[in-house]
Amino acid sequence: MTKKIAILPGDGIGVEIVAEAVKVLECLRADFGLNIETETGLIGGAAYDAKGHPLPDETLQLAKESDSILLGAVGGYKWESLDISVRPEKGLLGLRAGLDLFANLRPAILYPQLADASTLKPEIVSGLDIMIVRELTGGIYFGQPRGVRTLDNGERQGYNTLVYKESEIDRIGRVAFDIAMKRGKRVCSVDKANVLECTELWRQVMEGVAKDYSDIELSHMYVDNAAMQLVKAPKQFDVMVTTNMFGDILSDCAAMLTGSIGMLPSASLDINSKGMYEPIHGSAPDIAGQGVANPLATILSVAMMLRYSLNEAAHADRIEKAVNNVLDQGLRTPDIYSDGMQKVGTAQMGDAVVTNLKKLVN
Ligand code: IPM
Ligand code: MG
């Protein structure tokens with residue numbers, strides 16, 4: 001059966017990097033028999049400009065009827081002064097909520113070829129393989145009430161609400177524990193239980209989930225310490241599970257351990273493993289349109305899509321092999337460049353992955 005993939009490039013470098021990922025998909029379709037069709041839709045600032053809303057109905061509809069979604073990035077200077085309700089980021093958050101994509105998987109893996117690109121010493125990061133499981137449809141990102149109000153004395157006050165139901169904590173906990181079962185069997189749950197009641201509950205529910213997984217070693221860490229440990233001794237971690245906002249912050253931090261945020265893919269899954277796939281970096285308006293962005297995180301997001309949602313692990317392996325080969329060949333976009341390597345742009349990097357893919361035809 002033909003699988004449908006919604007392609008949502010979005011804004012800034014999203015457009016450039018998704019174009020390269022589409023080349024990879026097209027190669028798998030034409031040369032390796034991957035049975036897919038694609039349809040492109042508008043999201044973020046581009047959707048706002050064309051339709052007046054960052055998540056037009058037809059885009060949500062397309063995402064719902066597709067088997068998987070590939071997203072680039074949203075946002076940019078141009079839309080920063082818009083009301084928050086129609087800012088590009090709302091398009092992304094609306095998709096996550098509208099499709100109930102509560103489980104965000106953000107693997108931080110160091111490619112050995114890039115050990116020199118990390119700002120940390122090679123011995124601290126070599127062999128790094130962490131999976132951050134971030135709750136994605138709850139917490140302070142979505143909690144009500146929220147807004148800016150004017151107090152009796154005329155002063156304005158901003159407020160947001162951190163809320164989690166037991167069921168929301170339990171289901172993200174189970175995702176993390178299931179993943180850990182297939183890896184190093186260790187889960188570190190990150191919270192701020194010393195200050196925030198909501199995350200005290202988080203800790204209790206994680207303890208409850210652990211009772212169903214006797215093989216897993218569960219530990220807890222406060223988020224401030226977790227941020228410190230990530231840069232001090234990151235290899236102590238196997239799977240980390242945390243709230244929406246803590247996961248947002250810690251995953252950027254973990255990304256830099258691997259040399260560049262331009263290398264990290266992500267999956268956002270619903271309860272049936274339907275998913276949206278995107279690089280964890282943003283739209284990088286400072287370098288948009290220059291053809292220098294690293295498309296590998298997006299290309300690796302396609303590999304995750306094939307593995308987690310489309311049940312096409314052999315195709316995922318091919319992409320990952322091709323990316324490895326390109327790195328072996330010394331090709332580097334500016335974000336991962338080091339002395340002696342060959343500096344290439346976005347399209348050259350995408351083309352090199354496709355060339356290496358084609359070489360894998362048996
Ligand atoms: C991410 C991004 C988004 C988030 C923004 C663009 C809304 O930073 O996916 O990590 O905060 O979740
Ligand atoms: Mg982020």
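**Close-up 1. K185 in the loop between α6 (166-181) and β8 (186-191).** This is a predicted model, like every view that follows. What catches the eye at K185 is its backbone: phi is positive, about 60°, although K185 is not a glycine. For context, most residues other than glycine have a negative phi.

**Close-up 2. The peptide bond from Q144 to P145 is cis.** Omega here is near 0°. As a general rule, most peptide bonds are trans. So where does P145 sit? Look in the loop that links β5 (129-135) with β6 (147-150).

**Close-up 3. Ligand 1 and the residues around it.** Seen up close, ligand 1 has E89, L92, R96, R106, R134, Y141 and D248 for company. What kinds of residues make up this shell? Five are charged and two are nonpolar, with no polar ones in the mix. Which element gives the most to the shell? That would be helix α4 (residues 88-98), which chips in three residues.

**Close-up 4. Polar side-chain atoms next to oxygen atoms of ligand 1.** Start with R96, where a polar side-chain atom lies 2.7 Å from an oxygen atom of the ligand. Over at R106, an N or O atom in the side chain is 2.8 Å from a ligand oxygen atom. D248 joins in too, with a polar side-chain atom 2.8 Å from an oxygen atom of ligand 1. How much of the ligand does the protein cover? On its own, ligand 1 has 320 Å² of accessible area, and the protein covers 78% of that.

**Close-up 5. The pocket that holds ligand 1.** Ligand 1 sits in the second largest pocket. Which domains supply the shell around the ligand? Both domain 1 (1-110 + 258-362) and domain 2 (129-255) do, each with at least three residues.

Key: Residues are numbered from 1 along each chain as its sequence is written. Chains are lettered from A and ligands numbered from 1 in the order in which they are written. This is a predicted model: local features need pLDDT of at least 70, side-chain atom pairs count only at pLDDT 80 or more; totals for chains, interfaces and linings use all residues. Side-chain values use heavy atoms; hydrogens and water are left out. A residue is near a molecule or strand if one of its heavy atoms lies within 4 Å of it. A polar contact is a pair of N or O atoms within 3.5 Å; within protein, one must be able to donate a hydrogen and the other to accept it, and residues adjacent in sequence count only if both atoms are side-chain atoms. Accessible areas come from the Shrake-Rupley method with a 1.4 Å probe; for residues, only the protein chains shown count as cover. On a 1 Å grid over the protein atoms alone, a cavity is a set of points where a 1.4 Å probe fits but cannot get out, and a pocket is an open set with protein on both sides within 12 Å along at least five of seven lines; lining residues have an atom within 4 Å of a point. A molecule sits in a cavity or pocket if more than half of its atoms lie within 2 Å of its grid points. Helices (H or I, at least four residues) and strands (E, at least two) are DSSP runs, numbered from the N terminus. Ala, Val, Leu, Ile, Met, Phe, Trp, Tyr, Cys and Pro count as nonpolar, Asp, Glu, Lys and Arg as charged, and the others, Gly among them, as polar. Domain bounds come from an automatic or database domain assignment.
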